[in-house]
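Hi,

Here is the structure I said I would pass on. Have a look at it first, and then read my notes underneath.

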Amino acid sequence: MRVFLQSPEGFLGWCANVSALMIFLALMLAVVRLIRGPSLPDRVVALDLISMLLVAFLVIFAYASGVYAYLDAGLALALVGFLGTVAFARLIDHNGDTGESS
Amino acid sequence: MIDGILGVILLLGGAFCLIAALGVVRMPDVYVRMHASTKAGTLGVGLIGMATAGLVAESGFVVKAFVVVAFLIITAPVGAHLLGRAAFKANTPFWKGTTEDPAVQNFREPD
């Protein structure tokens with residue numbers, strides 16, 4: 001059960017792998033809500049959670065692979081994810097809930 | 001010893017991320033789901049950032065990890081508040097267990 005090609009040896013490597021695996025499971029669950037969510041705000045909540053989980057994964061990946069530039073990618077994703085949430089909130093605020101109720 | 005503690009914190013962060021996603025799938029309506037996503041999600045990312053910052057212990061990495069975590073802690077409540085306000089104004093349905101103060105309807109149509 002290895003998520004990363006390169007990770008630290010021993011207990012720390014195991015922790016990083018298991019943590020990344022849990023984030024993968026969480027991403028799948030968030031995608032379930034993104035597809036199923038009956039209203040538009042539901043989907044936006046799922047998108048917000050997905051960007052947050054990707055930031056967490058990038059931080060773990062920067063640690064495990066030793067390529068610290070991935071931390072910059074996580075920082076940029078945190079900024080852009082927040083802007084996306086705000087933009088969607090403004091859209092719902094102005095246009096109402098335009099998502100179809102399935 | 002320190003490494004063991006930091007590893008356990010890393011695992012806890014992953015577990016909180018998983019709990020956040022579980023809450024988003026299982027909770028009954030938007031407003032309740034937002035609790036799981038913002039609170040548990042922020043805690044999970046914060047724990048993971050702190051643990052990796054302690055493990056790498058280089059000044060550039062530590063500062064950037066702290067900036068990521070601080071930024072998420074600042075922005076997650078703001079985004080959740082905007083989204084909850086917009087969902088309420090768009091008449092997104094409540095869970096049947098939610099009781100509502102009638103005066104809150106004034107907020108929906110401001111004059």
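Below is what I found, chain by chain and then across the interface.

Keep in mind that this is a predicted model.

Chain A first. It has three helices and zero strands, so to speak an α-α-α pattern when read along the sequence. The C-alpha atoms of chain A fill a box of roughly 50 × 25 × 15 Å along the principal axes. Its radius of gyration is 16 Å, where a compact globule of 102 residues would be near 13 Å. Of those 102 residues, 43% count as buried. If you take the contacts in chain A between residues at least 6 apart in sequence, 48% of them join residues at least 24 apart.

Chain B is also helical, with four helices and zero strands, and reads α-α-α-α along the sequence. With a radius of gyration of 18 Å, well over the 13 Å that the globule rule gives for 111 residues, chain B is more spread out than a compact globule. The box for its C-alpha atoms is roughly 55 × 30 × 15 Å, again along the principal axes. In chain B, 40% of the 111 residues count as buried. Among its contacts between residues at least 6 apart in sequence, 62% join residues at least 24 apart.

Now the interface. How many residues of each chain are in contact with the other? There are 43 from chain A and 45 from chain B. On the chain A side, helix 1 (10-36), helix 2 (40-65) and helix 3 (69-95) each supply at least two of the residues that touch chain B. That side of chain A divides into 32 nonpolar, five polar and six charged residues.

One helix pair across the interface is worth opening in your viewer. Helix 2 of chain A packs with helix 3 of chain B at an angle of about 175 degrees, and their axes are 11 Å apart. An angle over 145 degrees counts as roughly antiparallel, and that is therefore how these two helices run relative to each other. From helix 2 of chain A, the residues in this contact are A:Pro41, A:Val44, A:Val45, A:Asp48, A:Met52, A:Val55 and A:Val59. They meet B:Ala65, B:Val68, B:Leu72, B:Gly79, B:Leu83, B:Ala86 and B:Ala87 in helix 3 of chain B. By type, the residues of this contact are twelve nonpolar, one polar and one charged.

Helix 3 of chain A is the other element I looked at. It has 27 residues and reaches 39 Å from its first C-alpha to its last, close to the 39 Å expected. Its buried residues include A:Leu71, A:Gly74, A:Ala78, A:Phe82 and A:Phe88. The buried residues of this helix pack against helix 2 of chain A together with helix 3 (59-89) of chain B. Right after the helix comes A:Gly96, with a positive phi near 80 degrees.

Finally, A:Val86, which lies in helix 3 of chain A. Is A:Val86 buried or partly exposed? A:Val86 is partly exposed, because 15 other C-beta atoms lie within 10 Å, and a residue needs 20 or more to count as buried. Leaving aside residues up to four places away in sequence, A:Val86 touches B:Gly79 and B:Leu82. A:Leu47 is 39 residues from A:Val86 in sequence, and their C-alpha atoms are 12 Å apart in space.

Cheers

Methods
Residues are numbered from 1 along each chain as its sequence is written. Chains are lettered from A and ligands numbered from 1 in the order in which they are written. This is a predicted model: local features need pLDDT of at least 70, side-chain atom pairs count only at pLDDT 80 or more; totals for chains, interfaces and linings use all residues. Two residues are in contact if their C-beta atoms, placed from the backbone, lie within 7 Å. Ala, Val, Leu, Ile, Met, Phe, Trp, Tyr, Cys and Pro count as nonpolar, Asp, Glu, Lys and Arg as charged, and the others, Gly among them, as polar. The radius of gyration is taken over C-alpha atoms; the globule rule is 2.2 Å times the number of residues to the power 0.38. A residue is buried if 20 or more other C-beta atoms lie within 10 Å of its own, exposed if 12 or fewer, and partly exposed in between; C-beta atoms are placed from the backbone. The expected span of a helix is 1.5 Å times one less than its number of residues. Axes are lines fitted to C-alpha atoms, for helices over the stretch in contact, and angles run from 0 to 180 degrees between N-to-C directions. Angles under 35 degrees count as roughly parallel, over 145 as roughly antiparallel, 65 to 115 as roughly perpendicular and the rest as oblique.
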